[in-house]
Amino acid sequence: MRVRRVGQYAGSVSDAENLVEEWTTLPDIAEATGVGISKVRRWVEDRAILGYKHGTPAVFRVPVLFVDADGPVPALRGTLILLEDAGFDAEEAIAWLFTPDDTLPGRPIDLLRAGNKGEVRRRAQALAF
């Protein structure tokens, strides 16, 4: 059985909420990228972006750094799939991507945005074992 890393207590602010500087909503992503809301929802279904309901009121939110002007960060989808395969839920995956790691160096999300997905994916894959 896997030990929960984030969001362990009901009503507590999760690690993901503390680590992510800026969140956005699906309608805001649609407007910023110029695509329809149904396409943005498909990105969530296809695991190209990830988010969860939180805040007051509880609204589905996605880290701003998961998208750019063209849509989802290209290197993100494969990493999200690896983290899900490792048993991470949305909050845990987001927290992992935004946690600084001196051995990378930096945060995994920053490396993915820069197109350096190799080492990030190796580490995500190793989490499953």
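Here are a few short exercises, with worked solutions, on the predicted model shown above.

**Exercise 1. Get the overall layout**

Work out how many helices and strands the protein chain has, and in what pattern they follow one another.

*Solution.* Start with the tally: the chain has seven helices and five strands. Next, walk along the sequence, and you'll read α-β-α-α-β-β-β-β-α-α-α-α. Then look at the contacts: taking pairs at least 6 apart in sequence, 62% of them link residues at least 24 apart. Finish with the surface, where about 7,300 Å² is exposed and carbon and sulfur atoms supply 52% of that. Of the 129 residues, 40% count as buried.

**Exercise 2. Decide where to trust the model**

Find which residues have pLDDT under 50, and which helix has the highest confidence.

*Solution.* Begin with the average: the chain comes in at a pLDDT of 89, and 89% of the residues score at least 70. Now go for the weak stretch, residues 1–12, where pLDDT stays under 50. For that stretch the model has 17 contacts beyond four places in sequence. As for the helices, α3 (residues 37–45) has the highest confidence, at a mean of 98.

**Exercise 3. Take helix α5 apart**

Say how many residues of α5 are buried, and which residue caps its N-terminal end.

*Solution.* Helix α5 spans residues 90–98, and eight of its nine residues are buried. Among them are Ala90, Glu92, Trp96 and Phe98. For the cap, check Asp89: one of its side-chain oxygens sits 3.2 Å from the backbone nitrogen of Glu91.

**Exercise 4. Classify Thr25**

Is Thr25 buried or exposed, and what does it touch?

*Solution.* First place Thr25: it's in strand β1, residues 23–25. Its relative accessible area is 17%, and the cut-off for buried is under 20%, so Thr25 is buried. Then list its partners: leaving out residues up to four places away in sequence, Thr25 touches Val59 and Phe60. Last, check the polar side: the side chains of Thr25 and Asp28 share a polar contact of 3.1 Å.

**Exercise 5. Do the same for Asp101**

Where is Asp101, and with which side chain does its own side chain make a polar contact?

*Solution.* Asp101 lies in the loop between α5 and α6 (108–113). Its relative accessible area is 24%, which falls between the 20% and 50% cut-offs, so Asp101 is partly exposed. Skipping residues up to four places away in sequence, Asp101 touches Gly106 and Arg123. With Arg123 there's a polar contact between the side chains, at 2.9 Å.

Note on methods:
Residues are numbered from 1 along each chain as its sequence is written. This is a predicted model: local features need pLDDT of at least 70, side-chain atom pairs count only at pLDDT 80 or more; totals for chains, interfaces and linings use all residues. Side-chain values use heavy atoms; hydrogens and water are left out. Buried means under 20% relative accessible area, exposed over 50%, partly exposed in between (1.4 Å probe, protein chains only). Helices (H or I, at least four residues) and strands (E, at least two) are DSSP runs, numbered from the N terminus. A polar contact is a pair of N or O atoms within 3.5 Å; within protein, one must be able to donate a hydrogen and the other to accept it, and residues adjacent in sequence count only if both atoms are side-chain atoms. pLDDT is the predictor's confidence in each residue, from 0 to 100. Contact means heavy atoms within 4.5 Å. Accessible areas come from the Shrake-Rupley method with a 1.4 Å probe; for residues, only the protein chains shown count as cover.
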